[in-house]
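Here is a short set of exercises to work through with the model open beside you. Try each task before you read its solution.

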Amino acid sequence: MKKVIITLVIMALPVAAWGFYKPMRVLAPELNGLTCINEKICLDDIRKREAAELLYLESAIVTNNAVGYFYNSPRAIFCATENCYESFGFKSPSVAHAVGTSGVVISPRGWSNTKIIHEFVHHIQAERIGVIQMLFKPDWLIEGMAYYISNDNMHDVPQRYIEAKKRFEKWYVELGNEKLWKTAENL
Ligand SMILES: [Zn+2]
C-alpha cells in the first residue's frame with residue numbers, strides 16, 4: 001500500500017507543478033494549446049509567425065552584440081492574446097517575462113524589440129550569474145542592465161527602474177564591456 005501511495009505521489013508531482021507553477025509550461029507550450037514552429041518560437045496565433053521570427057532575430061542580434069552570446073537560445077512564447085499570457089501564470093501590467101534559463105513569455109503588449117531584448121538580457125543574466133544567485137544581486141544591475149541594453153524610453157516605468165538604469169549606465173560606461181560578467185559575478 002505504502003508503495004502505491006509513494007508511486008502515486010511521485011506521479012502526481014509533475015502534474016501538481018504543472019498546475020501550480022504555470023511558468024513551467026514554457027517547457028511544453030503545446031500542452032497550453034500553442035504551436036511551436038521550431039525549438040525557439042511558439043505562438044498561439046500562427047498567422048503572426050513572420051512578425052515573431054523577425055522580432056526574435058533582431059532582438060537576439062542586439063542582445064548578443066551588447067552582452068554576449070546565449071549558451072542556449074531562449075525559447076520565446078509569443079502570445080497574441082492575454083488569455084495565452086495568463087495561461088503561463090503572468091498578467092497585465094507586466095508585458096513580458098523571462099523564465100529562468102528556459103525561455104521568455106511575451107504578452108500581446110510586448111511585441112517590440114525593446115521588450116524582447118529586455119527579457120533576453122534577463123535570460124543571459126540567468127545563464128551567466130545563475131537563477132538563484134540573481135535574486136541576491138542589486139536591482140540596479142539586473143533591471144538597470146535590461147532597461148539600458150534594450151534602450152527603453154522608460155515611459156510608464158516606476159521611478160526605481162529609472163534610477164536603476166542610470167546607475168547601471170554610469171557603472172557600465174566606466175567598467176567597459178569586457179569586464180561586465182566577471183565584475184557582475186562578484187557584486
Ligand atoms: Zn526586467
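**Exercise 1. Two loop residues**

Does Asp156 count as buried or exposed, and how many C-beta neighbours does Asp156 have inside 10 Å?

Solution. Before counting, note that this is a predicted model, in which local features need pLDDT of at least 70 and side-chain atom pairs count only at pLDDT 80 or more, while totals for chains, interfaces and linings use all residues. Residues are numbered from 1 along each chain as its sequence is written.

- Step 1: take the cut-offs. A residue is buried if 20 or more other C-beta atoms lie within 10 Å of its own, exposed if 12 or fewer, and partly exposed in between, with C-beta atoms placed from the backbone.
- Step 2: apply them. Asp156 has 7 C-beta neighbours inside 10 Å, so Asp156 counts as exposed.
- Step 3: locate the residue. Asp156 belongs to the loop between α6 and α7; helices (H or I, at least four residues) and strands (E, at least two) are DSSP runs, numbered from the N terminus.
- Step 4: check the backbone. Asp156 is not a glycine, yet its phi is positive, near 55°.

Now take Met154, which sits in the loop between α6 and α7. Its phi is positive at about 60°, although Met154 is not a glycine. Met154 has 13 other C-beta atoms within 10 Å, so it is partly exposed.

**Exercise 2. Building the sheet**

Work out the strand order of the sheet, and find the strands at its edges.

Solution.

- Step 1: recall the principle. Strands of a sheet pair through backbone hydrogen bonds, either parallel or antiparallel. Here, two strands pair if DSSP finds at least two bridges between them.
- Step 2: read the pairs. β2 and β3 are parallel, with three bridges, and Cys42 is opposite Ile77 in β3. Strand β3 (residues 75-78) runs parallel to β5 over four bridges, and there Ile77 has Val105 as its bridge partner.
- Step 3: add β4. Strand β4 (residues 96-99) is antiparallel to β5, again with four bridges. Val99 lies opposite Gly103, and His97 lies opposite Val105.
- Step 4: put the order together. The five strands make an open sheet, β1-β2-β3-β5-β4, with mixed pairing. β1 (35-36) and β4 are the edge strands, each with a single partner, so one side of each has no neighbour in the sheet.
- Step 5: add the helices. Helix α2 (residues 49-67) packs on the sheet and touches β2 (41-43) and β3, its direction making about 145° with that of β2. Helix α4 also packs on the sheet, where α4 touches β4 and β5, at about 15° to the direction of β4.

**Exercise 3. Faces and turns**

Which residues of β5 lie on each side of the strand?

Solution.

- Step 1: start from the rule. In a regular strand the side chains alternate between the two faces of the sheet.
- Step 2: apply it to β5 (residues 103-106). Gly103 and Val105 are on one side, Val104 and Ile106 on the other, and all are buried.
- Step 3: repeat for β3. Arg75 and Ile77 point one way, Ala76 and Phe78 the other way, and all are buried.
- Step 4: repeat for β4. Ala96 and Ala98 on one side and His97 and Val99 on the other are all buried.
- Step 5: inspect the backbone around β4. In the hairpin of β4 and β5, with three residues between the strands, Gly100 has a positive phi near 50°. In the loop between α3 (82-86) and β4 you will find Pro93, and the Ser92 to Pro93 peptide bond is cis, with omega near 10°.

**Exercise 4. A helix pair**

At what angle do the axes of α6 and α7 cross?

Solution.

- Step 1: fit the axes. Axes are lines fitted to C-alpha atoms, for helices over the stretch in contact, and angles run from 0 to 180 degrees between N-to-C directions.
- Step 2: read the geometry. The axes of α6 and helix α7 (residues 159-175) cross at roughly 85° and come within 7 Å.
- Step 3: classify. Angles under 35 degrees count as roughly parallel, over 145 as roughly antiparallel, 65 to 115 as roughly perpendicular and the rest as oblique. α6 and α7 are therefore roughly perpendicular to each other.

Methods. Contact = placed C-beta atoms within 7 Å.
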